[in-house]
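Here are my notes for your consideration, set out as numbered points that can be followed with the sequence and the coordinates open. They take the sheet first, and then the elements packed around it and elsewhere.

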Amino acid sequence: MKKVGMLSLGCAKNLVDSEVMLGELAREGYALTNEADDAEIVIVNTCGFIESAKEESISAILDMAELKKQGKVKKLVVSGCLSQRYHTELAQDLPEVDLFLGINHVGGIQKFLTDLRGTSGDVVNREPTEAEDWRPDFLYNSEHPRVLTTPKFCAYVKISEGCDHVCSFCIIPKLRGKHRSRTIEDIVAEVRRLGDAGVREINLVAQDSTYYGRDLGLKDGLAQLMEAIAEVETIDWVRAHYMYPYQVTDRLLKLMAEHPKVCKYMDIPLQHADKHVLAAMKRGSGRPQLAKFLDRIREAVPDVWIRTSFIVGFPGEDERAFEELCAFVTEQEFDFIGVFTYSHEEDTTAYPLDDSISKEEKERRKAHLLALQKEISKKKLARHIGKTFDVLIEGVHPETELLLRGRHQGQAPEVDGEVLITEGFYQPGDIVPITIEETFDYDLAGRATGGVAV
């Protein structure tokens, strides 16, 4: 069998693309391997969103090129956002790469790999080639096979692709195209299949999940979708990521407050709090409006967990604007935040702005904001001592076999901390009531108060 290895970089949305490509290849008879030096063909599915992601992608490509040089890999394929954005330049600079593929080639990757191998089935030499169609309009559906690379009890489901917003710092609309939604029926069909395969937690991803269904004429599309998914008997939790501010509807909040399967969790990238910086970002609004918006959410869902993200060092962010952001974070006491330093990207509308804030100053602001959040998180988590949460068991803790680890509904995979289980043994995918006895900067710890909850 022909062996293929995949290295997936970047966000969960890119991971779904990787899983679809793996599914297509597995259906065509390719053997999949986790070991790059055991693969005949290696695919690096790249991210090209910001400078640090581009650097990571280039480094990964060069690492795989070195394996090819050593004869451990025969063919090297590069796909994803970086390839979509720079395939012409990369083909000149990276002759080690045999094929560059873009967003539109995800659903038909087996065709391009077949061409790469030649009609005899033996790997053939071929110069870097532009595939015939680089329009970013592909959208996978429930008929596309997928090979999950997440734990078997958890899966990401992409509900739409592309973005219609005009944020000045963002290149995504040019890379991923206009917003386009899958139908509710198609998404539910995929969720049912995942549930039948043992998945218990569904994480919905999109460039903007609250925009879901507008192109299909749906009102409250995300709420309608989550209601439908919550009716799938085999699914226990459904969580939505990447919600755009001010598009969170009352119906969605009511569903989150009342339905036990809908996670009381909101991932809302706010990007900043200063009105002048937000205006330059083409996000609009300011600190008072954002505070009112967050008050509305917390009033509707009192026990909600809120994650947000901010950009520091955006052109025009002076010390006063940064202090405004710090004061906002201190005031709002978010549960989780991510902080990114501004990346000056060509082809964005912010690119003509003066990117004069030094890299060192951007990193200082990032570190300061994260230090503020660390103290907020530590203080907030301490309030949960004595409370009981249903926790999805992920398995044995990687640092000690004496602990299990898991997550409650307010903790998304990989980014939001975890719950440490100090005694008892359960299987990955079990949902268990855990009473919290100790808290840390970002994690909680406790013991089971009964059997498996679900």
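1. In this predicted model, three strands form an open sheet in the order 6-9-10, and their pairing is parallel. The edges are occupied by strand 6 (154–158) and strand 10 (237–240), each of which has a single partner strand, so one side of each is left without a neighbour in the sheet. From one strand to the next, the twist of this sheet averages 20°.

2. The pairing of strand 9 (residues 201–205) with strand 10 is in the parallel sense and extends over four bridges. Within this region of the sheet, Asn 203 has Arg 239 of strand 10 standing opposite.

3. Two helices should be read together with this sheet. Helix 6 (residues 184–196) lies across strand 6 and strand 9, and runs at about 165° to strand 6. Helix 7 (residues 221–230) also packs on the sheet, where helix 7 touches strand 9 and strand 10, and the direction of helix 7 makes about 165° with that of strand 10.

4. Helix 7 also packs with helix 8, at an angle of about 30° and with the two axes 8 Å apart. Since angles under 35 degrees count as roughly parallel, that angle makes helix 7 roughly parallel to helix 8, and the crossing of the two is left-handed. On the helix 7 side the contact involves Leu 222, Ala 223, Gln 224, Met 226 and Glu 227, which meet Arg 251, Leu 252 and Leu 255 of helix 8. Sorted by class, the contact of helix 7 with helix 8 comprises five nonpolar residues, one polar residue and two charged residues.

5. Which residues of helix 8 meet helix 10? They are Asp 250, Leu 253 and Ala 257, and in helix 10 they meet Arg 296, Ile 297 and Ala 300. The axes of helix 8 (residues 250–258) and helix 10 (residues 287–300) come within 9 Å of each other and cross at roughly 40°, which makes helix 8 oblique to helix 10. By class, the contact of helix 8 with helix 10 divides into four nonpolar and two charged residues, with no polar residue.

6. As for annotation, the unreviewed UniProt entry places the feature "domain: Radical SAM core" at residues 149–379. Over residues 149–379 the chain of the model is 40% helix and 15% strand, and the C-alpha atoms at the two ends are 35 Å apart.

7. A separate point concerns helix 2 (residues 51–69) and helix 3 (residues 81–93), which pack at an angle of about 60° with their axes 12 Å apart. Helix 2 and helix 3 are therefore oblique to each other, and their crossing is right-handed. Helix 2 contributes Lys 54, Ser 57, Ile 58 and Ile 61 to the contact, while helix 3 contributes Leu 82, Arg 85, Tyr 86 and Leu 90. By class, the contact of helix 2 with helix 3 contains five nonpolar residues, one polar residue and two charged residues.

8. Finally, a closed barrel of five strands runs in the order 14-15-16-18-17, and its pairing is mixed. The twist of the barrel averages 50° from one strand to the next. Within the barrel order, strand 15 (residues 404–407) pairs with strand 16 (residues 419–421) in the antiparallel sense, over three bridges. For Gly 406, the bridge partner in strand 16 is Val 419.

Terms used
Residues numbered from 1 in each chain as written. Predicted model: local features only at pLDDT ≥ 70, side-chain atom pairs only at ≥ 80, totals over all residues. Heavy atoms only, no water. Axes fitted to C-alpha atoms, helices over the stretch in contact; angles between N-to-C directions. Parallel < 35°, antiparallel > 145°, perpendicular 65-115°, else oblique. Left-handed = near helix turned anticlockwise from the far one by under 90°. Contact = heavy atoms within 4.5 Å. Nonpolar A, V, L, I, M, F, W, Y, C, P; charged D, E, K, R; others polar. UniProt positions renumbered as here; feature names shortened; annotations may be inferred. Pairing = 2+ DSSP bridges.
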